[in-house]
Amino acid sequence: MIIPSVLGSILPQHILRLLQPGPKLNLGVAVEFAWCLHYIICSQVNNALLIYHGGLSTLGLLLLDMAAAVQRTEDAGLELLACPVLRCLSNLLTEAAVEVGGGPNQLDDERVVAALFILLQFFLQKQPSLLPEGLWLLNNLTANSSSFCTSLLSMDLIEPLLQLLPVSNVVSVLVLTVLCNVAEKGPAYCQHLWPGPLLPCLMGMLASSDTEVVGQSLELLQLLFLYRPEAVEAFLQQSGLQVLEKHQEEAQLQDRVHALQKTALHR
């Protein structure tokens, strides 16, 4: 009952105005209003209205501003604002009506991706617990947008992404999911994934005891083999089939393991 009343008022526009980056932006105020906006967005009452009022573009500019603050080493308390802002952006991007990449109320792909990677490196050093938040946003950006995937590749960000794999199982799954988003876009995108460091990294992920990590690695390998058949030979040379055999009795992985074995043996 409360949130529809809030959305029916001028309050959301004031909230977005107070979140606009600039010399008047107060970190403490911004943190409180970013969390407020997060809870409004999570209610899913009328996120299209927030997008119409410039929610995506305002939050995108705030993301750029946070990345610039990191580069100036003016990052005191930044992690307090980063979490709700990343969540707001991630959740707005799941709206069916949103077509990312262009338009006055949408996001500029290259700048947002570059800013997000600056923040990911900052989180890696200062606040690793925020890495999943940033990667979830990257997942939502790349899931349905070839332009964001293109930005990822054109800025040579695959290797920095792969460097996050050892952080934790949660981070590994999200990194692999983003890479699947890229690979799903077809042969032209997979050319940037192989040859390169991806296959050795995936072999390492297949040795994991975590079912989700292994499952997502299998999904990515299946896409890679589909669009880059030459990768199969390299996989076989690295004893890939023997690695797969270790997982063929695991109920949650059996179907994907057998599918990948079939693909590898019939190329």
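Contact here means heavy atoms within 4.5 Å. Helices are DSSP runs of H or I with at least four residues, numbered from the N terminus. This is a predicted model: local features need pLDDT of at least 70, side-chain atom pairs count only at pLDDT 80 or more, and totals for chains, interfaces and linings use all residues. Residues are numbered from 1 along each chain as its sequence is written, and side-chain values use heavy atoms, without hydrogens and water.

**Helix 17**

Helix 17 covers residues 254–265, twelve in number. Its first and last C-alpha lie 16 Å apart, close to the 16 Å expected at 1.5 Å a residue; that span is 1.5 Å times one less than the number of residues. Val257, Leu260, Gln261, Thr263 and Ala264 are buried (under 20% relative accessible area; exposed is over 50%, partly exposed in between; 1.4 Å probe, protein chains only). Seen down the axis, these buried residues fall within an arc of 160 degrees, so they line one face of the helix. The arc uses directions from the helix axis to the C-beta atoms. Asp255, Lys262 and Leu265 are exposed on the other side. The cover over the buried residues includes helix 14 (211–227), helix 15 (230–237) and helix 16 (240–245).

**Cysteines**

A disulfide is a pair of cysteine sulfur atoms within 2.5 Å. By this rule the count is zero.

| Cysteine | Nearest cysteine sulfur | Relative accessible area |
|---|---|---|
| Cys42 | Cys88, 7.6 Å | 41%, partly exposed |
| Cys180 | Cys190, 9.7 Å | 4%, buried |

The Cys180 distance is too far for a bond.

Conventions: Helix = DSSP H or I, 4+ residues; strand = E, 2+ residues; numbered from the N terminus.
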